[in-house]
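The following exercises concern the chain shown below. Each consists of a task and a solution in steps.

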Amino acid sequence: MALPLPVALAIIFIFLTYNIYQWLPYKLPPGPRPLPVVGNLYDIKPVRFRCFWDWSKIYGPIISVWIGSTLNVVVMNWELAKEVLKDNDQSLADRHRNRSTEKFSRGGQDLIWADYGPHYVKVRKVCTLELFTPKRLEALRPIREDEVIAMVESIFNHCTKPENLGQSIKVKDYLSKVSFNNITRLAFGKRFENPDGTLDEQGKELKTIVDNGVKIGGSLSVAEHIQWLRWMFPVDEAAFNRHATRRDNLTRVIMDEHTLARQKSGGAKQHFVDALLTLQQKYDLSDDTIIGLLWDMLQAGMDTTVIATEWGMAELVKNPRVQSKAQEELDRVIGLERVMTEADIPNLPYLQCVAKEALRLHPPTPLMLPHKANANVKIGGYDIPKGSNVHVNVWAIGRDPTIWKDPIEFRPERFLEEDVDMRGHDFRLLPFGAGRRVCPGAQLAIYLVTSMLGHLLHHFHWTPAPGVDPEDIDLAENPGLVTYMRKPIHAVATPRLPSHLYERMPA
């Protein structure tokens, strides 16, 4: 039954009056004038981090953006990032969860979407002291190297076919496959493929679950940002429940397989699922937390490595000088008679700078995941009320002309001139965040991105697709929480090593 118009108007008036009144005591950062109810929702351009960067030129390096009835504060320089991620770290360490992430994380029972508190501290400790240790990452190195060589072999087999000579490939397709196989093998200890390279039944189910999660998460209405409208737009509980059941059932089957194998062999392997199951009692981990952590690794790991490597390859194709210099280093250190391994990376400083420069210009999560204030704090002299979301625009910081010379230029040499840490200690470069919520898998991501770039450069010479000049390569971003290229890079791969070095060794 519809409400009478006077009653509806009265309710709206009361809501708006309350909304204005509760913010009066605070000195909020400046920003575009919000509209009633929707705030700045319809002012924000699709590529949000660029939109906020443009607004900062008008309002300054810290701005207020109202997304519906929720205050979002965005900071755009390294000094303010330090205030958020170090000086006020504990007060800004909670997570904003919408109805989708609330359900998928079981109310924050994982790591990524957990609020700061005893649970977060516990699972963070598991990740830091048990899962992402140098010893475990080294033990899993053969898996990473095997999958990268499988990618190289696949590209070689395609581009050396007579009908494909001189034709370009969509680089992202190969990166996505190696990333999927890498992360699933590291997390679940198995390659979800048949001998002919197609996904097996579990692999198809896994891929469907990942795709459905993205689809369901993206289906939420504008009411997600306007709490008092949510009753008009209820979530599809059945769809969420079906998705959660499929995810949990598949993960439990894999967990049971590992438990059975461990009982038969009498020992655990280094894969993350084995590690979590053997640590379950020691750290009092629920099944929901184990499942949540495994899916955190899958969803965070697959996107970020593909995005960073694709952007790196796009810049290398666009900048042949940099590509040639990186290949000269690879040829000098490794030669033309063997393949690169991760053990070579410390001896390849320019390649490391190439990966770092790609992450400076194109951080996979340009606004990081939002930090939620669990107390009233001050940033840059402005009030940040409890419950507000705070975003660090690491994309803007990476292009700040006050700290980077020629910030738009892809010039890896800048990191030979000054070594800038990118693991959260230097606030000028924050692809993995900093503070209590810094990415625990940062070193693994660095290994993967640097290794993939190194192999692609060592094994192949790369040129733009036929008819495309390097300067015409489109470096625009796709809208979203993560920054895929709007137009995926297509390039011609020409082998530059003896043919036997493109063969994947049988397991």
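**Exercise 1. The three-stranded sheet**

In the sheet, Ile169 lies opposite Ala491 of β10. Determine which strands pair with β10, and in what order the strands of this open sheet lie.

Solution. The model is a predicted one, in which local features require pLDDT of at least 70 and side-chain atom pairs pLDDT 80 or more, whereas totals for chains, interfaces and linings use all residues. Numbering starts from 1 along each chain as its sequence is written, and side-chain values rest on heavy atoms, with hydrogens and water left out.

Step 1. Helices (H or I, at least four residues) and strands (E, at least two) are DSSP runs numbered from the N terminus, and two strands pair if DSSP finds at least two bridges between them.

Step 2. Strand β4 (residues 169-170) is joined to β10 (residues 490-495) by two bridges in the antiparallel sense. Besides the position of Ile169 opposite Ala491, Lys170 has His490 as its bridge partner.

Step 3. On β10, strand β9 (residues 460-464) also pairs in the antiparallel sense, over five bridges. Here Pro464 stands opposite Ala491.

Step 4. The open sheet of three strands thus has the order β4-β10-β9, with antiparallel pairing. β4 and β9 stand at the edges with a single partner strand each, so one side of each has no neighbour in the sheet.

**Exercise 2. The five-stranded sheet and its helices**

State the strand order of the open sheet of five strands, and identify which helices lie on β1 and β2.

Solution. Step 1. The order is β1-β2-β8-β5-β3, and the pairing is mixed. The edge strands, β1 (62-67) and β3 (94-95), each pair on one side only.

Step 2. β2 (residues 70-75) and β8 (residues 389-392) pair in the parallel sense over four bridges. Within this pair, Val73 has Val390 of β8 as its bridge partner.

Step 3. Contact means heavy atoms within 4.5 Å; axes are lines fitted to C-alpha atoms, for helices over the stretch in contact, and angles run from 0 to 180 degrees between N-to-C directions. Helix α3 (residues 78-87) packs on the sheet and touches β1, β2, β5 (371-372) and β8, its direction making about 130 degrees with that of β8. Helix α2 (residues 48-59) lies across β1 and β2 and runs at about 125 degrees to β1.

**Exercise 3. A helix pair**

Describe the geometry of the packing of α12 and α14, and classify the residues that form the contact.

Solution. Step 1. Two packed helices are described by the angle and the distance between their axes. The axes of α12 (residues 287-318) and α14 (residues 349-361) come within 9 Å and cross at roughly 105 degrees.

Step 2. Angles under 35 degrees count as roughly parallel, over 145 as roughly antiparallel, 65 to 115 as roughly perpendicular and the rest as oblique. The two helices, α12 and α14, are therefore roughly perpendicular to each other.

Step 3. α12 contributes Ala308, Gly312, Glu315 and Leu316 to the contact, and α14 contributes Val354, Ala358, Leu359 and Leu361.

Step 4. Ala, Val, Leu, Ile, Met, Phe, Trp, Tyr, Cys and Pro count as nonpolar, Asp, Glu, Lys and Arg as charged, and the others, Gly among them, as polar. The contact residues accordingly divide into six nonpolar, one polar and one charged.

**Exercise 4. Individual residues**

For Asp284, Met368, Glu147 and Cys439, decide whether each is buried, partly exposed or exposed.

Solution. Step 1. Buried means under 20% relative accessible area, exposed over 50%, and partly exposed in between (1.4 Å probe, protein chains only).

Step 2. Asp284, in the loop between α11 (272-278) and α12, has a positive phi of about 55 degrees although it is not a glycine. With a relative accessibility of 60%, Asp284 is exposed.

Step 3. Met368 also has a positive phi of about 55 degrees without being a glycine, and is located in the loop between α14 and β5. Its relative accessibility of 9% makes Met368 buried.

Step 4. Glu147 belongs to helix α7 (residues 141-159) and is buried, at 1% relative accessible area. Beyond four places in sequence, Glu147 contacts Val178, Asn181, Asn182, Arg185 and Arg191.

Step 5. Cys439 is in the loop between α16 (414-417) and α17 (442-459) and is partly exposed, at 34%. Not counting residues up to four places away in sequence, Cys439 touches Arg124 and Phe432. An unreviewed UniProt entry annotates Cys439 as "binding site"; UniProt positions follow the numbering used here, feature names are shortened, and annotations may be inferred rather than shown by experiment.
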